[in-house]
Amino acid sequence: MNLIASTEITRFLSAELAWRYRAIPHEASDSNLVLLIDQEHYQDSFVGELELITGYSISLQKVQSDTITDLLSKSYRRNEGSVNKPNLVESVVKADDFLNKIIIEAKDLKSSDIHIETYADQCRIRLRIDGKLVERHKIPKDQYSFFINKVKIKAGLDIAEKRLPQDGRIIFNNNNIKIDIRVSVLPALYGEKIVLRLLSNDASAINLEKLGLDERQYNDFMRILKKPNGIILISGPTGSGKTTTLYATLKLLNNEQNNILTVEDPIEYTLDGINQVQLKENIGLSFASALRSFLRQDPDIIMLGEIRDGETAQMAMRAALTGHLVLSTIHTNSAWGTISRLIDMGVPSFLLANTINMTVAQRLVRTLCNICKTEVPLEADKYLDIAPFLQQIPNHCTPVGCKHCFFTGYSGRQAIYEVIPVDYKVSQFIKENTLNINNYIKEQKISKLEHAAISLLRDGTTSLEEIYPLLIS
């Protein structure tokens, strides 16, 4: 028996009913529905009750309790006993209620994005959980446009415009749950695709000490933060946690003596005591123009959401030279790669050498589920391309999957870092345009991203498959 029900079949029974009766759809036709049911939970009255509720002729097949628990955990994923999966047959028509349930489900499952998309013969909803997309629901094809229009209305978008991309915002407030949601609509081949980005409104729980820096990196970070001016740059791909690191840093710097200004796109966290500006490029409010205005606002600390172009980069350097502490992010693959990226943007190397205090690279790595992970011998001969990293690691842990991790094998993510403080020696490298400082990094025993990843592999925190892309990059 296949131990996972398809998204298409699970829509015949709501999550609430599935968990209440400990039953799950197995087969369906026009008027008949076959359910697998927990043999220890079964009662003769269940057939009549379920037929009345669903409107189908019900047949029940008894199976072991463990099998039903596995199926329920996989097909009706929930968080700490809450029931999150709505009955689509009933609730898509009530699109406002359905949207609310999807958003609450995403929040409960710590999802960062909701993808609503349509294809030739199916429409689905996927959630990004721990960095990976997981299909959660199917929407009837004939109700997809109606549901999309409801989302667009909530986001203040034009429902008549179906040819051009649109961006909007939903302020979700339901039963004391408040979420700021960024909405992106994209016209695709078979209809409009919508992505909802769930933004956290509260940065109070973010703690720099607990993000994943090792002891030396944390000490270097704290030492550099004491400098009153200069630039601190955090690099990494989209979704690597750069903004979280920036806000953990701002939280430490936030006091009544400092005037802190930020310009972001979007504003992902809010902190009392910090003046935050939302980027609006359509009316000319870019990072560069906002930075010009900031310099007339008597700032002590400036945070730029991202350095995207040469104009913004040079403005940031000049702000640092005039006595301000500037924090920002940039897209590069390594901490030292930030330097060559800025030079490519047209920033003179002597200016970089005099302004950059520290460059940091980071990634997010999924952590193994502590309940089901299994230790096995490491067969190094299968990984000859990364063999130097695997020396003296006889065993490693692999993902298995259980109901506690919803059969993914992973639970949560952890950041790993590469931190290069810019001291006199590094400053000289920058002035001389020396772009390869691997020997210096080895001499100083600076931990690189791949070393941090191997450390997590060695202690059983993550799997080889999860860090393999880092080791070959």
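User: Happy to be looking at this one with you! In which strand is the place of I114?

Analyst: Glad to help, and please keep in mind that this is a predicted model. The strand in question covers residues 111-118. I114 has its place there, in strand β4.

User: Is I114 buried or exposed?

Analyst: The cut-off for buried is under 20% relative accessible area. I114 has a relative accessibility of 0%, so this residue counts as buried.

User: With which residues is I114 in contact, leaving aside its neighbours within four places in sequence?

Analyst: Some partners come before I114 in the numbering and others after it, so to speak, as you can read from the names. The list is I102, I103, A106, I125, R126, L127, I194, V195, L196 and L198.

User: How far apart in space are I114 and R128, C-alpha to C-alpha?

Analyst: Along the sequence, 14 residues separate I114 and R128. In space, their C-alpha atoms are 6.6 Å apart.

User: Let's step back to the whole chain. How many helices and strands does the protein chain have?

Analyst: The C-alpha atoms fill a box of roughly 80 × 60 × 45 Å along the principal axes. Within the protein chain there are 17 helices and 18 strands.

User: What share of the residues in the protein chain is buried?

Analyst: The protein chain has 473 residues, and its exposed area is about 22700 Å², with carbon and sulfur atoms supplying 47% of that area. As for the residues, the buried share is 50%.

User: Among contacts between residues at least 6 apart in sequence, what percentage joins residues at least 24 apart?

Analyst: Contact here means heavy atoms within 4.5 Å. Counting the contacts in the protein chain between residues at least 6 apart, those that join residues at least 24 apart make up 64%.

User: How far apart are the mean positions of the positive and negative charges?

Analyst: The protein chain carries 54 positive and 57 negative charges. Their mean positions are separated by 3 Å.

User: On to the sheets. What is the strand order in the open sheet of 3 strands?

Analyst: The pairing in this sheet is mixed, and the twist from one strand to the next averages 30°. β1 (23-28) and β3 (57-63) each have a single partner strand, so they stand at the edges. The order is β1-β2-β3.

User: Which residue in β2 stands opposite I24?

Analyst: β1 pairs with strand β2 (residues 32-38) in the antiparallel sense, over 5 bridges. In that β2 strand, the residue opposite I24 is L36.

User: At about what angle to β3 does helix α3 run?

Analyst: Helix α3 takes in residues 46-54 and lies across β2 and β3. Its angle to β3 is about 135°.

User: Which are the edge strands of the open sheet of 7 strands?

Analyst: This sheet has the order β12-β11-β13-β14-β10-β15-β18, with mixed pairing. Its twist averages 20° from one strand to the next. The strands that pair on one side only are β12 and β18 (410-421).

User: What is the bridge partner of R366 in β18?

Analyst: Strand β15 (residues 356-368) and β18 run antiparallel and are joined by 10 bridges. In β18, the partner of R366 is R413.

User: At about what angle to β18 does helix α8 run?

Analyst: Helix α8 (residues 215-225) lies across β10 (230-235), β15 and β18. Its angle to β18 is about 55°.

User: Now for the backbone. What is the omega of the peptide bond from D265 to P266 near?

Analyst: Most peptide bonds are trans. The bond from D265 to P266 is cis, and P266 is in the loop between β11 (260-264) and β12 (274-278). Omega for this bond is near -5°.

User: Is D298 buried or exposed?

Analyst: D298 lies in the loop between α10 (287-294) and β13 (301-304), and its phi is near 50°, a positive value in a residue other than glycine. The cut-off for exposed is over 50%. With a relative accessible area of 62%, D298 is therefore exposed.

User: And R22, is that residue buried or exposed?

Analyst: R22 sits in the loop between α2 (15-21) and β1, with a positive phi near 50°. Its relative accessibility is 17%, so R22 counts as buried.

How values were computed: Residues numbered from 1 in each chain as written. Predicted model: local features only at pLDDT ≥ 70, side-chain atom pairs only at ≥ 80, totals over all residues. Heavy atoms only, no water. Helix = DSSP H or I, 4+ residues; strand = E, 2+ residues; numbered from the N terminus. Buried < 20%, exposed > 50% of the residue type's maximum accessible area, 1.4 Å probe, protein only. Areas by Shrake-Rupley, 256 points an atom, 1.4 Å probe, with all protein chains shown as cover. Lys, Arg positive; Asp, Glu negative; His and termini not counted. Charge placed at Lys NZ, Arg CZ, Asp CG, Glu CD. Pairing = 2+ DSSP bridges. Axes fitted to C-alpha atoms, helices over the stretch in contact; angles between N-to-C directions.
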